[in-house]
Amino acid sequence: MPQVPQTLDALAVRAWCGLALEALGRAREEIDAINVYPVADGDTGTNLYLTVESAAGAVEAVFAAHDAVSGGASEASGASGASGEGVAGAVERPTLADAVLAMAHGALIGARGNSGTILAQLLRGMAQVLSADGETARTDGQGLRLAFRQAADSARHAVAHPVEGTVLTVASAAADAASGAEGDCGAVARAAYEGARAALAATPGQLAALKRAGVVDAGGRGLVAVLAALVETFTGEAPRASGAVPVLMGHARVEAAAVEPLGDVGECADPAPAPEEGGPAFEVIYLLEAEDAAVDRLRERLDGLGDSLVVVGGDGLWNVHVHVDDAGAAVEAGVEAGRPYRIRITHFGAGDAHMAGAAGRPVRERVQRAVVAVVPGEGLAGLYTEAGATTVLARPEEPPASGELVEAIRRAHAREVVLLPNDAELRHTAAAAAEQVRADGVRVALIPTRSAVQGIAALAVHEPERRFDEDVVSMTSAAGATRYAELAVAERESWTMAGICQAGDILGLIEGDVAVIGTDITATAETVLDRMLSAGGEMVTLVLGDEAPDTIAVHLEARVRESYLAVDTVVYRGGRQGALLLIGVE
């Protein structure tokens with residue numbers, strides 16, 4: 001048997017996230033198929049998978065940062081906060097608090113749909129207990145019992161009108177079973193799993209929509225898979241049970257071969273119902289930066305606009321989910337409360353991948369070609385959109401998961417797609433997304449752009465009328481011919497390729513490596529630009545972040561005009577893009 005964690009630590013959290021993601025990947029289609037409540041839109045399994053993918057990615061990022069630091073990495077990103085080794089002081093592995101807080105934050109910002117949003121709050125509730133300061137670390141069975149109870153209670157509090165027979169019921173049953181368990185983390189996790197599994201089997205008797213369809217609750221089914229992964233984390237073996245989960249697919253009743261089977265819950269006589277007549281037309285989801293008092297008022301406002309209201313999060317960052325008829329009013333309520341972003345509005349039954357052609361609606365014709373790009377700021381998102389691209393916004397320290405890229409590619413609704421990740425760290429994520437949509441028959445070309453300025457260069461030569469291969473070659477050549485740089489602020493004292501930097505220093509990164517360390521933004525930018533133009537160039541692109549001084553663009557434009565003949569300069573506003581300044585030289 002492979003070695004397994006004996007206590008709840010950061011490695012256990014990492015293993016749990018990985019196993020949960022695998023389990024949901026196996027069960028995704030099954031869970032989608034039994035999704036009948038609150039709306040039969042067939043996406044609960046997918047939403048849970050994307051939520052856990054975001055949580056797992058955040059945990060991996062914590063480990064990657066610690067690995068880079070402990071390995072003495074001196075790359076530029078380390079000096080600006082992503083990795084790198086401090087000059088003084090020993091470096092430790094991630095703590096349990098590091099891991100669970102990253103897991104909860106990743107789930108919060110990546111939560112999808114009703115069940116995904118509730119799962120994010122369940123993980124946040126666990127993190128609140130497991131990361132709390134105290135004389136004794138919460139790494140044993142008692143800590144896990146307390147975490148399950150806080151998770152179930154906080155999830156119920158996040159839902160405006162809790163309904164029994166849903167994932168909330170399953171989570172409460174898991175917490176109840178765990179509270180009576182004795183022993184180590186493995187014993188407590190197994191008790192929670194068994195309690196959840198029994199509660200899930202009973203959900204058709206609690207919710208009429210499930211009984212009519214002859215299925216268990218889809219969100220609860222997903223939670224059971226997540227808890228089974230926790231059992232496997234501590235025992236090295238997936239839970240064993242007899243029977244199979246009845247999965248309804250049309251008029252046929254199919255026995256699912258996925259993990260954690262639950263036994264029979266009754267015969268299925270009728271197909272899963274369509275979305276209920278007269279229900280809200282839109283699902284609205286967004287992240288929100290707001291104070292607690294403003295969120296309390298927002299709950300009241302949204303509760304009057306629709307149903308399925310779930311607001312999760314805290315400490316100034318929230319994930320809001322609601323079903324409404326007036327999507328604009330739901331977004332406006334968020335604007336009144338704070339700053340909403342990553343706004344997603346889905347019209348139930350219209351254009352949804354699971355509802356294509358529903359109710360006799362014609363399926364929208366695909367366009368021939370589209371460009372999908374990841375961009376680091378709202379300003380650049382507008383620029384790319386004006387140029388015809390479908391964009392995915394990447395906020396600082398919040399890289400998009402592969403599921404978000406898949407969603408954007410499908411939203412572009414094209415036969416051929418050019419994908420621009422605009423970040424070296426996103427290349428593998430983009431490759432995974434491209435591979436997934438190729439299975440849908442979409443032709444995808446991934447151009448490995450490493451900066452948004454390379455993406456701008458590629459987009460500038462994009463011609464959809466050309467043959468696909470010719471267009472990709474031209475865009476790839478333009479991106480490859482663009483050298484890129486950025487200015488960032490060092491977050492701590494670190495070793496870099498340009499020497500030792502102090503916290504607050506201005507770092508000039510060329511092609512990803514620190515080349516200049518300075519104390520003045522404009523002077524550092526000028527030095528970086530001179531070094532880039534020393535090798536020649538015809539066009540300089542400057543993308544200013546929100547924190548860059550207004551005078552820097554004027555100064556650099558004058559520098560290029562006075563010192564470099566026949567070199568043009570173009571300036572864009574990037575918004576909250578993370579870097580103070582992006583520079584491209586073609």
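# Worked exercises: burial, contacts and sheets

Glu416 sits in strand E9, residues 414-420. Strands here (E, at least two residues) and helices (H or I, at least four) are DSSP runs, numbered from the N terminus. You're looking at a predicted model: local features need pLDDT of at least 70, side-chain atom pairs count only at pLDDT 80 or more, and totals for chains, interfaces and linings use all residues. Residues are numbered from 1 along each chain as its sequence is written, and side-chain values use heavy atoms, with hydrogens and water left out.

## Exercise 1: Glu416

Work out whether Glu416 is buried or exposed, and list what Glu416 touches beyond four places in sequence.

*Step 1.* Get the cut-offs straight: buried is under 20% relative accessible area, exposed is over 50%, and partly exposed is in between (1.4 Å probe, protein chains only).

*Step 2.* Glu416 counts as buried because its relative accessibility is 10%.

*Step 3.* Now the contacts, meaning heavy atoms within 4.5 Å. Skipping residues up to four places away in sequence, Glu416 touches Gln368, Arg369, Ala370, Arg443 and Phe468.

## Exercise 2: the sheet around E9

Which strands make up the open sheet that holds E9, and in what order?

*Step 1.* The order is E8-E7-E9-E10, an open sheet of 4 strands with parallel pairing. Two strands pair if DSSP finds at least two bridges between them.

*Step 2.* Find the edges: E8 (390-393) and E10 (443-446) each pair on one side only.

*Step 3.* Check the twist, which averages 20° from one strand to the next. Axes are lines fitted to C-alpha atoms, for helices over the stretch in contact, and angles run from 0 to 180 degrees between N-to-C directions.

*Step 4.* Zoom in on one pair: E7 (residues 367-375) runs parallel to E8 over 4 bridges, with Val374 opposite Val392 in E8.

*Step 5.* Add the helix: H15 (residues 427-438) lies across E9 and E10, at about 170° to E10.

## Exercise 3: Asp471

Describe the surroundings of Asp471, starting from its contacts and ending with a polar one.

*Step 1.* Asp471 is part of helix H17, residues 468-480, and it counts as buried because its relative accessibility is 0%.

*Step 2.* Leaving aside neighbours within four places in sequence, Asp471 is in contact with Arg369, Val461, His462, Glu463, Pro464 and Arg466.

*Step 3.* One of these partners, Arg466, joins its side chain to that of Asp471 through a polar contact of 3.0 Å. A polar contact is a pair of N or O atoms within 3.5 Å; within protein, one must be able to donate a hydrogen and the other to accept it, and residues adjacent in sequence count only if both atoms are side-chain atoms.

*Step 4.* For a distance check, take Ala458: 13 residues from Asp471 in sequence, and 9.7 Å away in space, C-alpha to C-alpha. Ala458 is among the buried residues of helix H16, where 8 of the 9 residues (452-460) are buried.

## Exercise 4: the mixed sheet

Why is strand E18 largely enclosed by the rest of the structure, and how does E18 pair with E11 and E16?

*Step 1.* Place E18 in the open sheet of 6 strands, ordered E15-E14-E11-E18-E16-E17 with mixed pairing. At the edges stand E15 (513-518) and E17 (568-575); each has a single partner strand, so one side of each lacks a neighbour in the sheet.

*Step 2.* Count burial: 5 of the 5 residues of E18 (581-585) are buried, so the strand is largely enclosed.

*Step 3.* Split by face. In a regular strand the side chains alternate between the two faces of the sheet. In E18, Leu581, Ile583 and Val585 lie on one side, Leu582 and Gly584 on the other, and all are buried.

*Step 4.* Pair it up: E11 (residues 483-489) joins E18 antiparallel through 5 bridges, and E16 (residues 539-545) does so antiparallel through 5 bridges too. Ile583 faces Ala485 of E11 and is also the bridge partner of Leu542.

## Exercise 5: the whole protein

How many helices and strands are there, and what share of the residues is buried?

*Step 1.* Elements: 19 helices and 18 strands.

*Step 2.* Burial: 54% of the 586 residues.

*Step 3.* Contact range: of the contacts with a separation of 6 or more, 70% link residues 24 or more positions apart.
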